[in-house]
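User: Please zoom in on one part of this model for me, then work from there into the interior. Keep it informal.

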Amino acid sequence: MSRPTIAAGAPRCVWDVGARLGEGVVWSPRRQALYFVDILGRRLHRYTPATDAQESWTFDEEISALAEHARGNELFVTLRSRFAAFDPEQDALRTLHVPRGEHPNNRFNDGKCDAHGRFWAGSTDFACSAATGALYRYDPDGRCTRHHENVHIANGPTWSLDQRTFYFTETGRGTIYAFDFDADRGTLANRRVWLRLADGDGDPDGMTTDAAGRIWIAHWNGACVTAHDPADGRELARIALPVRHVTNVAFGGADLRTLYVTSARGDLDADALAIQPLAGGVFAIDLDVKGLAANTFGS
């Protein structure tokens, strides 16, 4: 069977920000701007394509993921060990919840909102060497539920178009799992392996879903992003990038036809940086397919 053709422009670096660990990329339809974070650099960034404006905010601890709030200017954010709200215009931060029972060496990593405005976030061993993480659901009414234990580098998640399947990455295991998802109750069941990447393809990292239901995956240490069939995981498209550590993906732009991609500079030495000088940058790829608008917190 032949693969559907997805036309893609060449990746272009829109901000050579040099992030140690770029992540948490979200397009804001309200502001027509892109938010993303540098987890280890403890910074939140906002890029506005129309004006090429680049803005940044610095935190006292790691910031890992975010979503726009359905009302007002605040962002819902995950910090090292807590859920919080941050108003970029006022530079004001307030804690919402600190989950109990988290391993002291853990920090939050990737996360995003479901269609009911609940934020799903995974925690990760800070050294990325132990499976001590967990998956949480934080509801707009303040309830926090732990859904999954022994997580090894949490990434994703994303959902199927019909909201019946939840996809969740454990990068440390090189595996993306699928769960049955009850959208009304916000519960998970029937975990199974959905995808493991081929040898030499890196490890799966952040994900997003496009308007046709395809799952787009960032490849850590794989220098590419790929699109996959949501049912059987078969690869439908591949786009190479000039950096090895590709971390996350999100659709944006006025028509949601631009794929934004974050990456990580990490601790690359001079020789590695000479080969990939744009490591840690944010890239934009124009596509002939459309993405989905990011869900907001409390929607």
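Analyst: Let's begin at the hairpin of E12 and E13: it has 5 residues between the strands, and Gly-142 there takes a positive phi near 100 degrees. Strands here are DSSP runs of at least two residues (helices, H or I, need at least four), numbered from the N terminus. Bear in mind that this is a predicted model, where local features need pLDDT of at least 70 and side-chain atom pairs count only at pLDDT 80 or more, while totals for chains, interfaces and linings use all residues. Numbering runs from 1 along each chain as its sequence is written, and side-chain values use heavy atoms, with hydrogens and water left out.

Back at the hairpin, E12 covers residues 133-138 and E13 covers residues 144-151, and the two pair in the antiparallel sense over 5 bridges (pairing takes at least two DSSP bridges). One of those ties links Arg-137 to its bridge partner in E13, Thr-145.

Now to the interior. The largest nonpolar core has 20 residues, and Trp-216, Val-225, Leu-241, Leu-259, Val-261, Ile-285 and Leu-287 touch the most other members. Such a core joins buried Ala, Val, Leu, Ile, Met, Phe, Trp, Tyr and Cys through side-chain atoms within 4.5 Å, with buried meaning under 20% relative accessible area (1.4 Å probe, protein chains only). Strands E19 (215-220), E20 (224-228) and E24 (282-286) are among those giving two or more residues to this core, and E22 gives the most, with 3 residues. Ile-285 makes a good example: beyond four places in sequence, its contacts (heavy atoms within 4.5 Å) include Ala-8, Pro-11, Val-225, Ile-239 and Arg-257. Apart from this core lies another, of 16 residues, among them Tyr-35, Ile-39, Trp-57 and Leu-66.

Leu-66 turns up again in the lining of the largest cavity, alongside Gly-24, Val-26, Asp-110, Lys-112 and Asn-248, among others. On a 1 Å grid over the protein atoms alone, a cavity is where a 1.4 Å probe fits but cannot get out, a pocket is an open set with protein on both sides within 12 Å along at least five of seven lines, and lining residues have an atom within 4 Å of a point. The whole-structure search turns up 1 cavity of 30 Å³ or more, and the space in it is about 60 Å³, counted as what probe spheres set on the points fill.

Lys-112 also belongs to the largest pocket's lining of 22 residues, being listed with Thr-208, Ala-293, Ala-294 and Asn-295 as the closest to its centre. That pocket holds about 350 Å³.

How values were computed: Buried means under 20% relative accessible area, exposed over 50%, partly exposed in between (1.4 Å probe, protein chains only).
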